[in-house]
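Student: I would like a close look at a single strand and at the sheet around it. Could you take me through that part carefully, and then set it in the context of the rest of the model?

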Amino acid sequence: MSAEPRPLSVRGAPPEELLPEPQGRLERLWWRLRRSPELAGLRLALWRVLFGAALLVLWQIASGRWVSEKLISSPGELATVFAEWVRSGSIFFHFAYTLTNTLYGYVAGSLLGIGLGFALAGAPVIAAIIEPYIMAFNGVPRIAYGPLFIAWFGIERLPKVVLVGTIVFFLTFVSTFSGIRGVPQDLINVARVMGGRRFDVYRKIILPSAMPWIINGLKVSVPFGMVGAIVGEYLVSDRGLGYLLSLYSNEYYITGMILVILLLMVVVLLVNQGLNWLESRLLRWRAPVQVGQDRPMPS
Amino acid sequence: MPRPILSLRGVAKRFVSRGRLVHALSRIDLDIEEGEFLSVVGPSGCGKSTLLNILVGLLPPSEGEIRYEGRPVHGLNPAIGYVTQQDNLLPWRTLRRNVLLPLELRHEPRGDREERAARLIRKVGLAGFEEHYPHELSGGMRQRANIIRTLIYDPAVILMDEPFGPLDAQTRLALQSQLLALWREARKTVVFITHDLAEAIALSDRVVLMSARPGRIKRVVDIPIARPRDVYHMHAAPNYKEIYELLWQDLREEVVEAMA
């Protein structure tokens, strides 16, 4: 119970600018790499790569020693097989098939979804009538429609594209619809009082206000759309990544299965990164750190 | 004698809320004269905001009519600007582009748009913040932007719904002073809602006192304090105290009734 003021306890390191910068050339480079705030992104990327590399090393060590190689293959084996696929060109063929199916379905599904979202958001009575039907259709796992689509659309590209399309359609429809319904009425009223006509209110208020939801719908649709394409090929196909997956699982060829899964992971990661970048460009006004010369959204 | 620019004739408003019929306004008759600064004061829930919504045409009256320059108006009146209580700036537009919004919506020629915006922004002390987004501005700055966004398209009448309500006392005074300066220059007709008597007296030519729900006009008081006024020293004006007491007597009864 002493009345002495206690020194404030300080957690962690002092702020960067208070630390002395070391003198030597190499030391300074190292210091910057470790501490400089501008290099935070690079540091994060390095750590991520390191983490992945550590997993691979662990996998390689475990394979054949702790777990049978037949069950988990090994990074070395995967690399060999991958090189072979690249050399023969077969992987590009399958890749292209799956990706183009995804792309066609994605474009068609998202155009329809965003379009219908806009239309129904402006017609609340019709929306209320058909809502349970849409939800019921969407509630059933999409694979259940697979055989129907095959019966209706054959066994070529079309049933896969339709499968992707229905998935993307619902995701973009729901996000567009709720994005538009969520536009604050006050903002709409303000624009109307200012003399804004219907079309201008749509273009300058409703569309930009709903944009974050629409973009989010487009974003989450990508991996789900790919799942649709692969499920479609899994059901019936003679090409594509889904076909490879089903072929190798029938043959119990673990290395092939793992390799296809890894490739899918890489694609989803890359596409996601691209979409994140696009989103941060389009929705700059939301980022609390961006100040100054930012251009607002096109309107 | 200036002629009324806006008149309310027997305006009443009822609506259903949670299954119950609510009488928000009952039989309001009021003439608003061209160029005057009119404040509306009343206990909370007395239908002040409903009154503004009816004046601008966002809500239809249940009874009675609104006349603009003598002619009845139905629907939105494009000659009326509306400064809302919330600033309602578009979060995806910078300050400058928020101020430009009404000119775009009204398809006014590009010509001097930018200069007009820049002039107003400078006048209210927001120069240097043109390219900031609303979330990067303080509450007082956003409200100033909200006000000049209405001034820029030059509506004949401006409605203001407690525009300084959420601001701290010093910022309020500064903005009241700025508003008076802007009004002196533009000579708009202003209908200003507030629950702050001091604010109403400092700014207005007339103060309309409304009763508790259903809102009626209880009293209209002229404020004979000479202009130009200094909002920072209002309490020193000769008859300020009398006016304040007079209004407060009436308002207190209504506030008590509204709380009961």
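Tutor: Let us begin with strand β6 of chain B, where Ile80(B) and Tyr82(B) point one way while Gly81(B) and Val83(B) point the other way, and where all four are buried. What we are reading is a predicted model, and the confidence values are taken up further on.

The partner of β6(B) is strand β7 of chain B, residues 157–161, and the two run parallel, joined by four bridges. Within this pairing, Ile80(B) stands opposite Val157(B) of β7(B).

From this pair one can step out to the whole sheet, an open one in which six strands of chain B follow one another in the order β6-β7-β8-β3-β9-β10, with mixed pairing. The strand we started from, β6 (80–83), stands at one edge of that sheet and β10 (217–222) at the other, and because each has a single partner strand, one side of each is left without a neighbour in the sheet. Going from one strand to the next, the twist averages 15°. Further into the order, strand β3 of chain B (residues 37–41) and strand β9 of chain B (residues 206–210) are paired in the parallel sense, over four bridges. One of the residue pairs here is Ser39(B), whose bridge partner in β9(B) is Val207(B). In general, strands of a sheet pair through backbone hydrogen bonds, and they do so either parallel or antiparallel.

The antiparallel arrangement appears in another sheet of chain B, again open, in which four strands take the order β2-β1-β4-β5. Its edge strands are β2 (20–33) and β5 (71–73), each of which pairs on one side only. Neighbouring strands of this sheet are turned against each other by 35° on average, when direction is ignored. Strand β1 of chain B, residues 4–17, runs antiparallel to strand β4 of chain B, residues 63–68, and five bridges join them; in this pairing Arg9(B) stands opposite Glu65(B) of β4(B).

Some of the loops of chain B deserve attention for their backbone geometry. Most residues other than glycine have a negative phi, and most peptide bonds are trans. Arg18(B), in the loop between β1 and β2 of chain B, has a phi near 50°, which is a positive value in a residue other than glycine. Because only 5 C-beta neighbours lie inside 10 Å, Arg18(B) counts as exposed. Glu69(B) belongs to the loop between β4 and β5 of chain B and also has a positive phi, of about 50°, although it is not a glycine. With 13 other C-beta atoms within 10 Å, Glu69(B) is partly exposed. The peptide bond that leads from Arg227(B) to Pro228(B) is cis, with omega near -5°, and Pro228(B) is placed in the loop between β10 and α7 of chain B, that is, in a loop that adjoins an edge strand of the six-stranded sheet.

As to how far these details can be trusted, chain B averages a pLDDT of 88, and 99% of its residues score at least 70. Within chain B, confidence is lowest in helix α7 (residues 240–259), at a mean of 85, and highest in α2(B), at 94. For the model as a whole, the scores are ipTM 0.87 and pTM 0.76.

Helix α2(B) brings us to the other chain. Contacts between the two chains involve 25 residues of chain B and 20 residues of chain A. On the chain B side, the largest share, five residues, comes from helix α2 (residues 95–105). By class, that side has 13 nonpolar, six polar and six charged residues.

Chain A itself has twelve helices and zero strands. Of its 299 residues, 25% are buried, and among its contacts with a separation of 6 or more, 68% are between residues 24 or more positions apart. One example of residues distant along the chain is Pro147(A) and Val236(A), which are 89 residues apart along the chain and have C-alpha atoms separated by 9.2 Å. Pro147(A) is placed in helix α7 of chain A, residues 146–153, and is exposed, because the count of other C-beta atoms within 10 Å is 12.

Technical notes: Residues numbered from 1 in each chain as written. Chains lettered and ligands numbered in written order. Predicted model: local features only at pLDDT ≥ 70, side-chain atom pairs only at ≥ 80, totals over all residues. Contact = placed C-beta atoms within 7 Å. Nonpolar A, V, L, I, M, F, W, Y, C, P; charged D, E, K, R; others polar. Pairing = 2+ DSSP bridges. Axes fitted to C-alpha atoms, helices over the stretch in contact; angles between N-to-C directions. pLDDT = per-residue confidence, 0-100. Buried ≥ 20, exposed ≤ 12 C-beta atoms within 10 Å, placed from the backbone.
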